[in-house]
Amino acid sequence: MSPSSSIAAEPGAVPAPDEHHEHHPSYLVDGTTVKSWLLTLDHKRIGVMYLIWVLLFFLIGGIYALIVRLELLTPGPTIIDAMTYNRAFTMHGVVMIFLFMIPAIPGAFGNFMLPLMLGAKDVAFPKLNLMSLYLLLSGAVIAIWGMINGGMDTGWTFYTPYSTHTTTTVAPILFGAFIIGFSSIATGLNFIVTTHTMRAPGITWFKMPLFVWAMYATACIQVLATPVLGLVLLLVVGENIFHFGIFDPARGGDPVLFQHLFWFYSHPAVYIMVLPAFGVMSEVVATYSRKNIFGYRAVAFSSLGIAFVGFFAWGHHMFVSGQSTFNAGVFAVLTMLVGVFTAIKVFNWVGTVYKGAVDFKTPFAYFCGFLYFTVFGGMTGVAFATASLDVPWHDTYFVVAHFHFIMVGATIMAFMAALHYWFPKMFGKTYHEGWGLVSAALIILGFNATFIPQFLLGNAGMPRRYYEYPERFQTLNVASTAGASLLAFGFIIAAVYLTYALVYGERASANPWHSRGYEWLTESPPPTHNFVGPQPTYTEEPHFYVEPEKAEVPDAV
Amino acid sequence: MNELLNNILFLPEQASTFAERVDNLHYFVVGVTMLMSFAVGTAAVFFFFRYRRRSPTQTTEYVVPSVKTEFLFVSLPLLFFLTWFVIGFRDFVFVSTPPKDAMDVYVMGKQWMWKFSYPEGPNGVNVLHVPANRPVRLLITSRDVIHSFFVPSFRIKMDAVPGRYTQTWFEATKPGTYQILCTEYCGLSHSKMLGEVVVLAPEEWDAWVKEQRKGSLQNRQDALADLSLVPQPARMAEQGQKVAAEVGCFKCHTVNGEPHIGPTFLGLYGKQETLQDGMSLRVDEAYITQSMMDPGAHLTSGFPNVMPTFQGKLTGPQTAAIVEYIKTLRTPDIRTGASSQGPVYEPIQ
């Protein structure tokens, strides 16, 4: 069976020139002009461009994070004034969430791996795929222009009526986020259609890799929830400029209405960030334990379950906003269901290691960190849903610590694991394993050192978004800032050895981890149309390690 | 034990009846969380060593969980989560339901200060005086943006939302001074919006009230800024009557029990009112405020929807004063049918 006979030719794909069929060069060298990259319709090149951009955004968001942490080193003013601080934490949140966390894994690794895992030549709509990258970038340009020209001081949650009254420049940044939303919708739509229509023969729904299941569930949330955010952001921009009076009580509006609309997107958005992470980890744990996923269906369905109940949990952000007591009860129970679905995943991941053959490589180290962040972060999430405990914790550093554990901790662990796990596949090079483990250890340690003190700060009652704080909170703030520098150091090491590997790294074989994930059934790096020669056959489920290794895929020329 | 856990978890001292209830659940939840993280971690670490890879291409057994195992995976967390929920929700209902005999204090957040007013007189900025061992209900609103009233030692928090009243309550257990923080980001000086609750022993409280009444006209701690140009009566209710007359409430609402264009104010507070859509509700601070700001939202049965909104026309203190005025319009005569002699002031205290 050849790839072209089983897969419908996509309308936008450029047919490969004939001579390339014989040499089947990797996608990296098939066209080396700047234009061949910027206008490419190849999902792998688009994925790589996403990766470069989200790494840049991660750097920007990280610099803002360090500014915020340094400012909090002493109780009074330390390095910046209050207004600059308010802008810095707002930008940290906006950049990290809209430009890094949401697009990172789907944009970079989803784009690259999803077609490979489905045995497809590309995503369903390659031009739309390229467009979503440029939508993200145009949104980013507008938002960053807004940051340079004034900046915004509302916090990333943009609560009204503050965001409609503030004198800082809200409009360009919110408009940027609005455009980024379209990018998210387009990516989600593309993945849903790709998953439905482009699966190679043999890949039934229950033989899809779990990463695909996670991306599919994520895509559903992106398509359903993002429009709500887009509209509410436009309303805030309108309110800010024209003073419509939708959210402003001085004009008869309802400020809590904004919170409902905002969290109706932004709570599911948390799962846009962590579901892809869960997907990555399902692949990583199977590969490095050489085991089939324990409870494949449970893990697959729990992704859909999280995507579904994630829509019914937004009210837990408003327990102390004056909404009815009954409401709090309903949203408390519904939120806990997310915890139950996550618990199923956690138990099944640990079950996957059981009777496996564990190779403790860098991605597996990140898996360990991930497991811990997910359990602790997830359970503190359920603790938040426990209405009476939310009362003292709400809007304190406990919230900051909790969502950094689950959203950032889990996602960063998965992002770093994905980067290391798929590095040989994407770039055909290997990195230094020892440095990988050192940097992973530093990042995990640094993360704990940064955020465990913040849990305690929250217990002690320090509210979030404080430029100055009472003296009694200082020790824990110093500990947290120290942790943040350790964390930054860990990332710098990773940046150095990965860049080195990119240039001087050894040639990677097609399947250096001896994985039986579908994406390893082609060369590293893959050729332009993903497979050369006969398309692989998909008779077994992914990560089926019962039989001895078959013949290796030949290395790329 | 309590003290030890309190210190380990960096919790502030427990100074209200609610604090202890929250903390007990807190210990339970944090304990289970730690234990679970530890158990999952230990199991994982044990598996890493027990099942380490012997050869790069080793094969493994095909292991799938039984239905029983998966059922355990679901039911175990669900059981714990539901237990937390039941206890947590019970406590949440406790803190959301002020006792009937609670003393009222109006709280208004404003960039960047907390203003307090007592129905019977004194006002204050950033310092809230309350008696110990007595329930205090806080009726909270905001003048500009959303703030959030947080007293860590009492474990209470409630958003101050402009245009509406929210409420919470506490019963302080020991005299002392406790910090108030604002926990909803409200702009430049958000972190400076601090205040304190001064909890007084009963006899000190009585002395404080007496002192406040004595000097209330010449020596107020702070007059509410918006009323500063008007000669200020001592009591909120009296202010309310004045404001109501100025803005024209009495053109449509009587205070003698006779319905006019709108319902009478007499006996309105606390009444079970039938609405036009057939529903009924109890008239409380929130309803009165809403009726001023958005009169059409819950129309009383039998009255036309003709009232204009007072949104933006009344300041927070003016609204509070009118609410307080309406609350005083309660008379035993209303039950006996005798004609009313006008407002009768009933101190809430």
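**Reading exposure and an interface in a predicted model**

Modeller: A:Leu39 is exposed, with a relative accessible area of 51%. Please note that the model is a predicted one.

Colleague: Why is A:Leu39 classed as exposed rather than partly exposed?

Modeller: The class exposed requires a relative accessible area over 50%. A:Leu39 has 51% and is therefore exposed.

Colleague: Where in chain A is A:Leu39 found, and which residues make a nonpolar surface patch with A:Leu39?

Modeller: A:Leu39 lies in the loop between α3 (34–38) and α4 (43–71) of chain A. Together with A:Val34, A:Leu38 and A:Tyr134, A:Leu39 makes a nonpolar surface patch of about 370 Å².

Colleague: How should one read the contact between the chains, and how many residues does each chain give?

Modeller: One may begin with the residue counts and then turn to the area. Chain A contributes 95 residues to the contact and chain B contributes 79. The area buried between chain A and chain B is about 7500 Å², and carbon and sulfur atoms give 70% of this area. On the chain A side, A:Tyr162, A:Phe347 and A:Met379 lose the most area to chain B, together 9% of what that side buries.

Colleague: What polar pairing is found between chain A and chain B?

Modeller: Between the two chains there are 4 salt bridges, and 26 residue pairs are in polar contact, both residues at pLDDT 80 or more. A:Asp359 forms a salt bridge with B:Arg53, with the closest N and O atoms 3.9 Å apart. Among the elements of chain A, α12(A) gives the most to the side that touches chain B, with 16 residues.

Methods
Residues numbered from 1 in each chain as written. Chains lettered and ligands numbered in written order. Predicted model: local features only at pLDDT ≥ 70, side-chain atom pairs only at ≥ 80, totals over all residues. Heavy atoms only, no water. Patch = residues over 30% accessible without salt bridge, like charges linked within 9 Å, V, L, I, M, F, W, Y side chains within 5 Å. Areas by Shrake-Rupley, 256 points an atom, 1.4 Å probe, with all protein chains shown as cover. Salt bridge = Lys/Arg side-chain N within 4 Å of Asp/Glu carboxyl O. Helix = DSSP H or I, 4+ residues; strand = E, 2+ residues; numbered from the N terminus. Buried < 20%, exposed > 50% of the residue type's maximum accessible area, 1.4 Å probe, protein only. Contact = heavy atoms within 4.5 Å. Buried area = accessible area lost by both parts, 1.4 Å probe. Polar contact = N/O pair within 3.5 Å; in protein donor to acceptor, adjacent residues only side chain to side chain.
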